[in-house]
Amino acid sequence: MSTDPRLLAERVSIETGLAFTGSEGWDNDGCRWFELLPAEHPVGQTFTLRTVVGWRRIDVHFRPGNFAADLVEAMGAVDETGRRTFRSVLGACCDAGAGVVLTVNGAASDLGDEAIWAVPWRSFGLVISKGMLSINEGDVEADMRQIGLWTSRAAAAIFALLPLEASVDDAEEESGEVIGLPEGAKTRIEVNRYERDQRNRAAALAIHGYSCKACELDMGKRYGAVAAGLIEVHHVTPVSELGPGYIINPKTDLTPLCPNCHSVAHRRSPPFSVVELRRMLQLI
Ligand SMILES: [Zn+2]
Ligand SMILES: [Zn+2]
């Protein structure tokens, strides 16, 4: 079995809710690359994410299309939630030992530099590089996990900046459900609103991974490919404790839980904590 770009595209599509297609090839230096492209968009007006697998390293490059000026400008004008999610994901990459190179309008920029948001973006580049990896040593599945992890982190960072409309269906469904429900059920639905924000979800999965933080189950490993990426994202702090306009930090506020643990967590309002769930399971 070889590493399959379609699996990579599928993973990132599940995480972001945006359809990607995948391709692969070899560059002039003899390095293998994988490329993800948003499906159903004119190539020149969108972007690619190219993951280059080198000797003990992985580099993921964001490249806007040649006619993507509007997209780049919109990314630079993203709302505060998008900015924070972007910083949170890239901060997690740095914490994991990766290098992050950000260029805005041709100049290398610091992740924490607020000034990058104050100017209209004419060009934007992002490269995430992770070296010192055990890769290309014969374990194809382990290689795929590393390639998937770093590609998904880059995708979550970029996704946070994309000018996407919130789903109208979700909003309608929620307002319909809230009517007449008891307090506990209402709380649960409000929690879901945060958990369903696709930017937060993609960022939380890119940062925390796919294993349930309570029981440690990885649905994809347990059930096989059909369940890959099947994990729920839970809000750690009860929504009732958050002030209006609170902006989620996916690293500290969100955690992946399997459907079982997530249901158990919400048997109480406010929900059981991850530590309490782990105690129930006698894991601590
Ligand atoms: Zn679980
Ligand atoms: Zn939850």
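Mentor: Angles under 35 degrees between helix axes count as roughly parallel, and those over 145 as roughly antiparallel. The model discussed here is a predicted one.

Trainee: Are helix 3 and helix 7 roughly parallel or roughly antiparallel to each other?

Mentor: Helix 3 (residues 80–95) packs against helix 7 (residues 198–208) with axes 10 Å apart and an angle of about 10°. Because angles under 35 degrees fall in the first class, the arrangement of helix 3 and helix 7 is roughly parallel.

Trainee: How many residues of the contact of helix 3 with helix 7 are charged?

Mentor: Helix 3 contributes Thr81, Gly82, Thr85, Ser88, Val89 and Ala92, while helix 7 contributes Arg199, Asn200, Ala203, Ala206 and Ile207. Five of the contact residues are nonpolar and five are polar; the number charged is one.

Trainee: Between which domains does the largest nonpolar core lie?

Mentor: This core has 55 residues, and Val89 and Ala203 are among those with the most contacts inside it. Leaving aside neighbours within four places in sequence, Val89 touches Ala203 as well as residues including Ala156, Ala157 and Ala160. Helix 4 (residues 140–161) supplies the largest share of the core, 10 residues. Residues come from both domains, so the core lies between domain 1 (5–161) and domain 2 (168–280).

Trainee: Is Gly112 buried or exposed?

Mentor: Gly112 sits in the loop between strand 6 (107–109) and strand 7 (124–130). A residue with 12 or fewer other C-beta atoms within 10 Å is classed as exposed. Because Gly112 has 9 C-beta neighbours inside 10 Å, its class is exposed.

Note on methods
Residues are numbered from 1 along each chain as its sequence is written. Chains are lettered from A and ligands numbered from 1 in the order in which they are written. This is a predicted model: local features need pLDDT of at least 70, side-chain atom pairs count only at pLDDT 80 or more; totals for chains, interfaces and linings use all residues. Helices (H or I, at least four residues) and strands (E, at least two) are DSSP runs, numbered from the N terminus. A residue is buried if 20 or more other C-beta atoms lie within 10 Å of its own, exposed if 12 or fewer, and partly exposed in between; C-beta atoms are placed from the backbone. Axes are lines fitted to C-alpha atoms, for helices over the stretch in contact, and angles run from 0 to 180 degrees between N-to-C directions. Angles under 35 degrees count as roughly parallel, over 145 as roughly antiparallel, 65 to 115 as roughly perpendicular and the rest as oblique. Two residues are in contact if their C-beta atoms, placed from the backbone, lie within 7 Å. Ala, Val, Leu, Ile, Met, Phe, Trp, Tyr, Cys and Pro count as nonpolar, Asp, Glu, Lys and Arg as charged, and the others, Gly among them, as polar. A nonpolar core is a set of buried Ala, Val, Leu, Ile, Met, Phe, Trp, Tyr and Cys residues joined through C-beta atoms within 7 Å. Domain bounds come from an automatic or database domain assignment.
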